[in-house]
Amino acid sequence: MSQPAERIVRVNGEPCRVWEMGSGEPLGFVAGLGGLARWTPFLDQLAARRRVVVPSLPGFPGALGHDRLDDLADWVTATLDLLEGAGLRGADLAGASIGATLVAEAAAFSPGLARRLVLVSPLGLFDEREPVADVWAQRPEQLLALLSAHPERLIAELTPPAGEDLVEWQILQLRAFEAAARLLWPTGDLGLRKRLHRIAVPTLLVWGGADRVVPASYAKRFAEGIAGPTAIRAIEGAGHRADLDAPEALAEAILAFLG
Amino acid sequence: MKLLWFHLMPYTDLPEDFAERYGSVWVDIDPKLFDARRGHQLYNEFIDELELAAELGFDGICVNEHHQNGYGLMPSPNLIASALCRSTRDAAIVVMGNSIALYNPPTRVAEEFAMLDCLSGGRLVAGFPVGTPMDTCYAYGQNPSLLRARYYEAHDLIVKAWQAREAFAWNGRFNKQRYVNPWPRPVQKPHPPIWIPGGGSVETWQWCARMDYVYAYLSYFGYQAGRAVMQGFWDEMERLGKDRNPYRAGFLQFVGVAESRAEAMDLYRESAEYFYGRCLCVDARFAMPPGYTTEATLRAKVTSQLAQAARRADEQKRAFSKPSFEEIVSKGYVIVGSPDEVAEQLREVATELNVGQLMLLLQYGNMGRDLTAYNTELFAKRVMPQLHELFGERWENRWWPKPLPAEDRVR
């Protein structure tokens, strides 16, 4: 696997890592729960066709500053600062899980932010008749199987590279989980439903067919709320971490939509 | 030293196969197990027991706050404390405490504690716990990543509200109140003594030292498991240049007294096995909400030796098993014996851990009122006199309530 170029964007004065690889029209990708501690095959797939720009949200691996963010306004402002700092205003934007939540929120608050949107298993809605799983109340072994249809891949992703400080590596993972909880605890519902109509750009909703965190029916709920034209794609056999479970199929779905 | 009688108010009728059949005693405990007729009896019996302890001369009686919990039936300890203010005369009323980050606005706690201090004539100890993950994050939906910041702000607001000479505006990070001005104000000036129930976090020790508050380690796992934590606490006090005044520290210990050790082993087996085998059955998925433990404490937990011991205790808690009474006693969770044997062991515990505010659990699990009264009475009459003089005149207990003179208090 090749290595991305890396630069730093400051958000509230705190460093946030931005990875970049490939050439052509920019495509932003904001990762989901846990963030990205390393470059992945999924990103390689995207980078083969587009200039992929991957900013890290505050508190996720490569970025600090989640502890300054107290409410949705703080998070949306930080997301806008980060995406704009990464040069992504007006670009195609994709996000997964909590990354998709924030991309959608930022797009709803800031028209013109995204040319087109791809939301992969976004969190942010909650229907108590068909609740989103509680990712913060799981035993460790249950959590892996909840997030991924291929827990062994998740274990490999979470294994520290040789020479890495084990304590700091663990804290990196825990911090990313805390950052997500800081925004979405306890149900993930921050009122996004009331703002979806402000998303007027073409939007692809992608769901892992085996997503155990956000039920597949939520794709329809998002599609109904968004004002722009929407399409829904299911990725067979993929769990919540579709980027890990089916990197090629997910990249293919995204690139096909973006044309 | 001070000897305090602590009630958790456990539900006493959990089924024998609770651990096997039901997931958790906390957060999502099966509501069908609660019989309100039994609740009526239990609350009244439990208040009787606290009153008996006060009558028999315990220095303080303690209540605490839990939510959605089968071994702690006090979502509002202040309700129980208000009844105790009326029915007792001299004992300290130790509310251990109110989870101040949960209240909106937190000045509600300033008001209620001031009410209790007035009602009791200045006998209140104000406990301010952060609260467990189960109570705060899972039952009350508080954000674990914001909990501590909210806690510290709530504390600052309450303490200022008690002392301010005029109404003030509070424009905090989490609380905005244009006019803060609680009526009533506490009897004790500048405010009731503040005790902080805590786990083993370094920041809490440092904060207690800075604020000059009592740190109380309320573990259910006795003096052997508590040794490492209290050692860590005193090491930190030394590092910060604080004296070793034992009244800076509180500690909780389960006890069963009888005429002989054999009798104690016989009498307290059922209630101890009930507590450790049913009441502590908490689903591990509610143990670690992200952000509840600070990064500094996480680092300390994996690096320092002290914290490795604390971590073993955590793991013990998480890996639930039903211990036998022999195991419970040999690990020191419950101290049992004749009055002399118990006094001897507690003297050792208090001396070694250097704890001046010793809280005793003399009712636990499904222990009924008769056995509770027996345990309490034997302790008061034959153990307490052997311990009261410990630490003697050497240290001043600056953290004890200063009530109105007896003649000024309503009888």
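**A walk through chain A and its partner**

Chain A has 9 helices and 8 strands; both kinds of element are DSSP runs numbered from the N terminus, with helices being H or I over at least four residues and strands being E over at least two. This is a predicted model, in which local features need pLDDT of at least 70 and side-chain atom pairs count only at pLDDT 80 or more, while totals for chains, interfaces and linings use all residues. Residues are numbered from 1 along each chain as its sequence is written, and chains are lettered from A and ligands numbered from 1 in the order in which they are written.

Let's start with the overall build. Along the principal axes, the C-alpha atoms of chain A fill a box of roughly 50 × 40 × 35 Å. A compact globule of 259 residues would have a radius of gyration near 18 Å, and the 17 Å of chain A agrees with that. That radius is taken over C-alpha atoms, and the globule rule is 2.2 Å times the number of residues to the power 0.38. Of the 259 residues in chain A, 48% count as buried, meaning that 20 or more other C-beta atoms, placed from the backbone, lie within 10 Å of the residue's own (12 or fewer is exposed, and in between is partly exposed).

Now for the sheet. It is open, has 8 strands with mixed pairing, and follows the order β1-β2-β4-β3-β5-β6-β7-β8 in chain A. Two strands pair if DSSP finds at least two bridges between them. At the edges of the sheet stand β1 and β8 (230-235) of chain A, each with a single partner strand, so one side of each has no neighbour in the sheet. From one strand to the next, the twist averages 20°.

Begin at the β1 end. Strand β1 (residues 5-11) of chain A runs antiparallel to β2 (residues 14-21) of chain A, joined by 7 bridges, with R10(A) opposite P15(A) in β2(A). The two strands form a hairpin with 2 residues between them, and N12(A) in the turn has a positive phi of about 55°. On to β4 (residues 51-55) of chain A, which pairs with β2(A) in the antiparallel sense over 4 bridges; here V18(A) stands opposite P55(A).

Further along, β5 (residues 91-96) and β6 (residues 114-120) of chain A run parallel, joined by 5 bridges. L93(A) has L117(A) in β6(A) as its bridge partner. Helix α3 (residues 98-109) of chain A packs on the sheet, touching β3 (26-30), β5 and β6 of chain A, and its direction makes about 150° with that of β6(A). Such angles run from 0 to 180 degrees between N-to-C directions, using axes fitted to C-alpha atoms, for helices over the stretch in contact.

Next comes the meeting with chain B. Here 15 residues of chain A are in contact with 18 residues of chain B, contact meaning C-beta atoms, placed from the backbone, within 7 Å.

In chain B, have a look at Y268(B), which sits in helix α9 (residues 261-279) of that chain. Y268(B) counts as buried because it has 26 C-beta neighbours inside 10 Å. Leaving aside neighbours within four places in sequence, Y268(B) is in contact with G256(B), V334(B) and V336(B).

Note on methods
Two residues are in contact if their C-beta atoms, placed from the backbone, lie within 7 Å.
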